[in-house]
Amino acid sequence: MRYVSTRGGPAVGIETAIMGGTAADGGLYVPEVLPGCAPGDFSTLEAFPEVATTFLKPFFAGSSLANRLEEVCRLALNFPLPLRQLEASPGTLSILELFHGPTAAFKDVGARFLAHCMEHIIRDGVFATAPVTVLVATSGDTGGAVAAAYYRRPGTRVVVLFPEGRVSPRQQHQLTCWGGNVVSLAVRGEFDDCQHLVKAAFADAGLRSRHRLCSANSINVGRLLPQAAYYALASLRHWRASGRPLSFIVPTGNLGNGFACVWARRVGLPIDRIVLATNANATIVDYLATGQWLPRASVPTLASAMDVGNPSNMERLQALCADVDALRQEVSAVPVSDAEIRSTIVDEFRRHGLPWCPHTAAGLRVYRELPEVERTRRDWAVVATAHAAKFDTIVEPLLGTAVEPPAELMELLTRPAHFDTIPPELDALAARL
Ligand SMILES: *Cc1c(COP(=O)(O)O)cnc(C)c1O
């Protein structure tokens with residue numbers, strides 16, 4: 001499989017797409033052609049590493065990673081991804097829990113897979129000589145997942161940029177508790193400033209080659225692919241149990257997770273509707289309503305990992321669709337306010353006794369607001385993107401009870417933290433690279 005930029009240009013191997021992150025012309029890499037599959041191709045495969053290996057095989061065909069794929073999936077995708085059914089017919093409600101990895105958010109899936117791929121690429125000398133610098137902007141969860149995935153991994157340094165004061169205290173701790181080959185920088189600005197700095201660094205040919213810059217942001221095809229694989233896993237599980245396709249509600253910021261679901265459906269998995277839940281940063285909602293793509297500065301919300309005013313992966317969705325009408329066939333989008341997030345956290349706890357993070361709550365809110373016929377005619381899964389304990393300062397006061405952190409998160413929270421603060425300027429970043 002070869003990869004091309006959303007803006008045209010020559011096709012490259014997946015090693016280049018993974019190590020480069022963004023294409024030289026500023027576009028995002030996508031497969032030259034999407035492969036096809038059917039539920040039967042997975043026969044009786046149950047475990048995520050096996051389903052992922054089968055799903056991803058055509059995407060890696062002909063590359064230096066083809067023979068490593070099984071091992072990468074086995075080592076990187078080694079934590080549970082339960083599909084928990086909460087409500088039965090007509091029209092089931094399930095939660096796809098993606099937060100059982102080391103940093104308790106779905107970002108662990110992509111970050112760990114990417115780290116294992118990069119290590120092979122560097123070791124095989126396919127792309128560049130070590131050390132490479134992985135530069136990553138985070139709205140909260142990516143940075144922790146990437147730091148955890150690359151920590152002490154040979155041949156790589158990691159530089160994490162996060163928006164000062166815009167991430168939860170526990171997220172910040174996860175971003176800054178590493179040291180060693182991980183440098184954490186707070187940027188005086190918002191997530192879009194961090195993302196802009198990363199783009200500016202990559203656009204600077206001198207910086208890019210001097211530090212052998214690589215990206216681990218959700219624009220990296222090496223993160224999106226394993227995310228598409230968990231939609232394969234979840235939809236197959238549901239299909240086998242019920243003979244029905246599954247519709248997904250995906251809490252959305254930069255549109256990596258939601259777009260991965262679109263890929264899984266295009267490849268042939270039994271996926272029905274895809275509904276994007278946004279917070280007050282409703283750039284995608286407005287685009288679907290008006291046909292005008294108007295990126296804007298982000299506003300802070302309770303679902304801070306979704307505070308994105310210029311969702312990068314829209315460029316991939318646009319490249320997949322002839323026009324905005326075609327795009328409206330792929331996804332719909334619903335905005336959720338902070339007040340609705342708060343009341344949903346409380347209501348859902350009362351209903352099922354389960355605490356959900358603000359992002360997941362946005363997804364659940366969209367589910368509760370679906371038209372009756374939509375809710376009863378289809379089977380739905382709300383994607384749970386992070387563990388509620390990562391957002392304890394929001395969730396616990398609302399519920400009036402403590403939310404127990406998972407053991408791995410507890411361990412990270414006991415480590416000492418360190419970070420430096422920089423202004424949102426390329427010179428300041430360059431001085432720290
Ligand atoms: C990153 C993140 C999101 C948004 O995902 P995108 O792929 O950026 O759309 C939602 N919820 C949580 C908890 C996240 O960490």
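A polar contact is taken here as a pair of N or O atoms within 3.5 Å. With that in mind, the ligand is a good place to start in this predicted model. A backbone N or O atom of N257 lies 2.9 Å from a ligand oxygen atom, and that distance falls within the 3.5 Å limit. N254 also offers a polar backbone atom, at 2.8 Å from an oxygen atom of the ligand. In the case of D141 the side chain is involved: one of its polar atoms is found 2.5 Å from a ligand oxygen. On its own the ligand has 380 Å² of accessible area, and the protein covers 98% of this.

The surroundings of the ligand can be followed residue by residue. There are 15 residues around the ligand, and those that come nearest are K107, D141, G253, N254 and T385. By residue class, this shell is made up of six nonpolar, seven polar and two charged residues.

Where in the protein does the ligand sit? Its place is the largest cavity. The structure holds four cavities of 30 Å³ or more, and the largest cavity contains about 260 Å³ of space. Its lining consists of 25 residues, of which F106, K107, G253, N254 and A305 are the closest to the centre. K107, G253 and N254 thus appear in this central group and also among the residues that come nearest to the ligand. Three helices, α5 (141-150), α9 (221-242) and α10 (256-267), each supply at least two residues of the cavity lining. D141, with its polar side-chain atom 2.5 Å from a ligand oxygen, falls within the range of α5 (141-150), and N257, with its backbone contact at 2.9 Å, falls within that of α10 (256-267). The lining of the largest cavity comprises ten nonpolar, twelve polar and three charged residues.

Open pockets complete the picture. The largest pocket has a volume of about 370 Å³. It is lined by 19 residues, and R7, T22, G26, L28 and K199 are the closest to its centre. Two elements, α7 (191-203) and α12 (314-320), give two or more residues to this lining. Of these, α7 gives the most, with four residues. K199, one of the residues closest to the pocket centre, lies within the range of α7 (191-203). The lining divides into ten nonpolar, five polar and four charged residues.

The second largest pocket has a volume of about 220 Å³. Of its 15 lining residues, R273, I274, V275, S332 and E374 are the closest to the centre. Strand β11 (271-278), helix α13 (324-330) and strand β12 (332-335) each supply at least two residues of the lining. R273, I274 and V275 belong to the stretch of β11 (271-278), while S332 belongs to that of β12 (332-335). Here the lining holds seven nonpolar, two polar and six charged residues.

How values were computed. Residues numbered from 1 in each chain as written. Predicted model: local features only at pLDDT ≥ 70, side-chain atom pairs only at ≥ 80, totals over all residues. Heavy atoms only, no water. Near = heavy atom within 4 Å. Polar contact = N/O pair within 3.5 Å; in protein donor to acceptor, adjacent residues only side chain to side chain. Areas by Shrake-Rupley, 256 points an atom, 1.4 Å probe, with all protein chains shown as cover. 1 Å grid on protein atoms, 1.4 Å probe; cavity = no way out; pocket = protein on both sides within 12 Å on 5 of 7 lines; lining within 4 Å. Sits in = over half its atoms within 2 Å of the grid points. Nonpolar A, V, L, I, M, F, W, Y, C, P; charged D, E, K, R; others polar. Points joined across faces, edges and corners; volume = space filled by probe spheres on them.
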